[in-house]
Amino acid sequence: QVQLVESGGGLVQAGGSLRLSCAASGRTFSSYAVGWFRQAPGKEREFVAAISWSGGSGTYYRTYYTDSVKGRFTISRDNAKNTAYLQMNSLKPEDTAVYYCAATRDNGLPKYASLYDYWGQGTQVTVPS
């Protein structure tokens, strides 16, 4: 069982930055891949980024991003702190949404929400136009 709690959302002007955190409970966080999703009002939840769990020794993680955030967002994790992060730079009004983190044992970096087993409650990010 993994419980996830997001934090770090807020209101930021276009061009600004935010760092979202996803704190996990449980001793097996390091064995889960983590994804970030977002849902804007009136729209379906969409994939943002994912990071693998380390499949071997060392701290090499694979990452995957949706095209609209490549070069602006960075996903990372610190297993010692049971936390994953989403650094968001050069924010745009179209990034406005509730952001969710999710965990899955599927290490193939899935972009489909149905493949994730655990979800946080979400954190609001607002970028006024």
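**Close-up views of a predicted all-strand model**

**Figure 1. Strands β3 and β8 pair in the antiparallel sense.** Six bridges link β3, residues 18-24, to β8. The model shown here and in the other views is predicted. One position of this pairing is S21, which stands opposite Y85 in β8. Strand β8 itself covers residues 83-88, and five of its six residues are buried.

**Figure 2. Strand β8 also pairs with β7, and the two form a hairpin.** Strand β7 takes in residues 73-78 and runs antiparallel to β8, with six bridges between them. Within this pairing, I75 stands opposite L86 in β8. Four residues lie between the two strands of the hairpin. Which residue of the hairpin takes a positive phi? It is N82, with a value near 50 degrees. Taken with the previous view, β8 has antiparallel pairings with β3 and with β7.

**Figure 3. Surroundings of S21 in strand β3.** Is S21 buried or exposed? S21 counts as buried because its relative accessibility is 16%, and the cut-off for buried is under 20%. Apart from neighbours within four places in sequence, S21 is in contact with T83, A84 and Y85, and also with V5, E6, S7 and W36. Of these contacts, Y85 is the residue that stands opposite S21.

**Figure 4. The disulfide of C22 and C101.** How many disulfides does a search of the whole structure find? The search finds one. Its sulfur atoms, from C22 and C101, lie 2.1 Å apart. The link is right-handed, with 70 degrees about the S-S bond. C22 belongs to strand β3 and C101 to strand β9, so the disulfide ties together parts that are 79 residues apart in sequence. A disulfide is a covalent bond between the sulfur atoms of two cysteines. C22 counts as buried because its relative accessibility is 0%. C101 is likewise buried, at 0% relative accessibility.

**Figure 5. The largest nonpolar core.** This core has 30 residues. Which residues have the most contacts inside the core? They are L4, W36, V48, F73, L86, M88 and Y99. At least two core residues come from each of β3, β4 (33-39), β5 (46-51), β7, β8 and β9 (97-104). A second core of six residues is separate from this one; F37, F47, A50 and A102 are among its members.

**Figure 6. Contacts of F73, a member of the largest core.** Leaving out neighbours within four places in sequence, F73 is in contact with V48, L86, M88 and Y99, each of which is also listed among the core residues with the most contacts. Further contacts of F73 are R38, Y65, Q87, N89, L91 and D95. L86 appears in the hairpin view as well, where it stands opposite I75.

**Figure 7. F47, a residue of the second core.** F47 lies in strand β5. With a relative accessible area of 8%, F47 is buried. Not counting residues up to four places away in sequence, F47 touches W36, F37, Y64, Y65, T66, P110, K111 and Y116. Among these, F37 is a fellow member of the second core, whereas W36 belongs to the largest core. The C-alpha atoms of F47 and A103 are separated by 13 Å, and the two residues are 56 residues apart along the chain.

**Figure 8. T123 and its polar contact with G9.** T123 is found in strand β11, which spans residues 123-126. The side chain of T123 reaches the backbone nitrogen of G9 at 3.2 Å. T123 counts as buried because its relative accessibility is 11%. Leaving aside neighbours within four places in sequence, its contacts include E6, S7, G8 and G9, together with L20, A97, V98 and Y99. E6 and S7 are also in contact with S21.

**Figure 9. The whole protein, for orientation.** The protein has 11 strands and zero helices. The C-alpha trace spans about 45 × 25 × 25 Å along its principal axes. The radius of gyration is 14 Å, which agrees with the value near 14 Å for a compact globule of 129 residues. Buried residues make up 43% of the 129. Of the contacts between residues at least 6 apart in sequence, 60% join residues at least 24 apart.

Notes: Residues numbered from 1 in each chain as written. Predicted model: local features only at pLDDT ≥ 70, side-chain atom pairs only at ≥ 80, totals over all residues. Heavy atoms only, no water. Buried < 20%, exposed > 50% of the residue type's maximum accessible area, 1.4 Å probe, protein only. Pairing = 2+ DSSP bridges. Contact = heavy atoms within 4.5 Å. Polar contact = N/O pair within 3.5 Å; in protein donor to acceptor, adjacent residues only side chain to side chain. Core = buried A, V, L, I, M, F, W, Y, C linked by side-chain atoms within 4.5 Å. Disulfide = S-S within 2.5 Å. Rg over C-alpha atoms; globule rule 2.2 N^0.38 Å.
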